[in-house]
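Student: I am new to this structure and would like a close look at a single part of it. Please take the salt bridges as the starting point and go on from there to whatever they connect with.

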Amino acid sequence: MSYVNMNGILIKARNNKVAVGAFNIVNYLTAKAVVEVAEELDQPLILQTSVKTVKAFGIDEMIGFLKPIVDNAKVDVALHLDHSTDVEFTKACIDGGWSSVMYDGSQLPLKENIKNTQEIVAYARPRNVSVEGELGAIVGVEDDIFVKEGDSAHANPNDCRVFLNETDVDAFAPAIGTAHGVYKGEIKLDYDLFEEINGFAKCPLVLHGGTGLSDAMFHRLIALGAAKVNISTAIKIAYCQGMRSFMEINPDKNDPLKLDAYTKEAVKKVVEKHIRFFSRID
Ligand SMILES: [Zn+2]
């Protein structure tokens, strides 16, 4: 199969009422783990990188080790930049080789968000790169974007119509009450708002803050049209706890390859659970 942008796989998912998992990877090991599971289950995949991760490696070095993984994958894989608030950095990742980007102007006034998103769409489209946009505030911490819980602003449907018409993004993330990181307290999601937006949005919708949602919540949102579900925190937890668990079981085994193999399996287990659920595979 091939290295693709998000468009084909998301439209197909939306039509089939399933979702494509978008997993935030942090290095070679996690990227390999996610791709291997997608291949084993024969499902398309979105490999996602946060701005912080890309900056830690540098654009060229990161694409240098990711490109062979996605090029050689046996399933369709998109490489997507998550939550970029910087127009120039977003363009640099498009130039660097990402097949998809999210420009997140959700903290800006609507007009400015539209203007910047339009600029990214105009830059990305001729290069065959897909663009995700966002409206409303998804609470929690994502990279350096911190949104306080009280500031949680659900997307306004009228603003969504204007944003979608003006920007013509390929995928859209409206805030409906999900949060980044680990949820504190009761999760309150606005399903009606999600359904309403999906009703008029030409492009597939994206669900952020997937870690911690119950199976029933995922099920309902995917049935209502969520075609891309972002999973980040669950990968971080599986990675760190996997390492810890190996060292607890083998305190004197200073064998990096065995440690990596064990950790990769821990990450794969979490990814497999999510892809099976999103693609409705038993
Ligand atoms: Zn997000």
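Tutor: In this predicted model, Glu36, Glu40, Lys264 and Lys268 are linked in a network of salt bridges. One of the pairs is Lys264 with Glu36, whose side chains come to 2.8 Å, N to O. Lys264 belongs to helix H11 (residues 256-279) and Glu36 to helix H2, so this pair links distant parts of the chain, 228 residues apart. Glu36 has a relative accessibility of 18% and therefore counts as buried, the cut-off being under 20%.

Another pair in the network is Glu40 with Lys268, where the closest N and O atoms are 2.8 Å apart. Here too distant parts of the chain are linked: Glu40 is in helix H2 and Lys268 in helix H11, 228 residues apart. The two partners differ in accessibility. Glu40, at 53%, counts as exposed, whereas Lys268, at 9%, counts as buried.

The count for the model comes to 12 salt bridges. Glu132 and Lys228 form one of them, with their closest N and O atoms 2.6 Å apart. Glu132 lies in strand E5 (residues 130-135) and Lys228 in strand E10 (residues 226-231), so the pair ties together parts that are 96 residues apart in sequence. Both Glu132 and Lys228 are buried.

Helix H2 leads from the network to the nonpolar interior. The largest nonpolar core has 78 residues, and those touching the most other members are Leu45, Leu47, Leu66, Trp98, Phe172, Leu213 and Leu221. Helix H2 (residues 28-41) supplies the largest share of this core, eight residues. Beyond its neighbours within four places in sequence, Leu47 is in contact with residues including Ala31, Val34 and Val35, and also Val77, Ala78, Leu79 and His80. A second, separate core has 15 residues, among them Val4, Met6, Ala173 and Val206.

Strand E3 is the next element to follow. Eight of the eight residues of E3 are buried. On one side, strand E2 (residues 45-50) runs parallel to E3 and is joined to E3 by six bridges; in this pairing Ser50 stands opposite Asp82. Strand E4 (residues 100-103) also pairs with E3 in the parallel sense, over three bridges. E3, helix H5 (residues 87-96) and E4 together make a right-handed β-α-β unit.

Ser84 is found in E3 and stands opposite Tyr103 in E4. Ser84 has a relative accessible area of 1% and so is buried. Leaving aside neighbours within four places in sequence, the contacts of Ser84 are Val51, Phe89, Thr90, Met102, Tyr103 and Asp104.

E3 also carries a zinc donor. The protein donors of the zinc ion are His83 (NE2), His180 (NE2) and His208 (ND1), at 1.9 to 2.1 Å from the ion. Along the chain these donors have the spacing H-x96-H-x27-H. His83 lies in strand E3 (residues 77-84) and His208 in the loop between strand E9 (205-207) and helix H9 (215-223), so this pair ties together parts that are 125 residues apart in sequence. His83 and His208 are both buried.

Notes:
Residues numbered from 1 in each chain as written. Predicted model: local features only at pLDDT ≥ 70, side-chain atom pairs only at ≥ 80, totals over all residues. Heavy atoms only, no water. Donors = N, O, S within 2.8 Å, 3.2 Å for Na, K, Ca; no water. Helix = DSSP H or I, 4+ residues; strand = E, 2+ residues; numbered from the N terminus. Buried < 20%, exposed > 50% of the residue type's maximum accessible area, 1.4 Å probe, protein only. Core = buried A, V, L, I, M, F, W, Y, C linked by side-chain atoms within 4.5 Å. Contact = heavy atoms within 4.5 Å. Salt bridge = Lys/Arg side-chain N within 4 Å of Asp/Glu carboxyl O. Pairing = 2+ DSSP bridges. Right-handed = clockwise from strand over helix to strand, strands pointing away.
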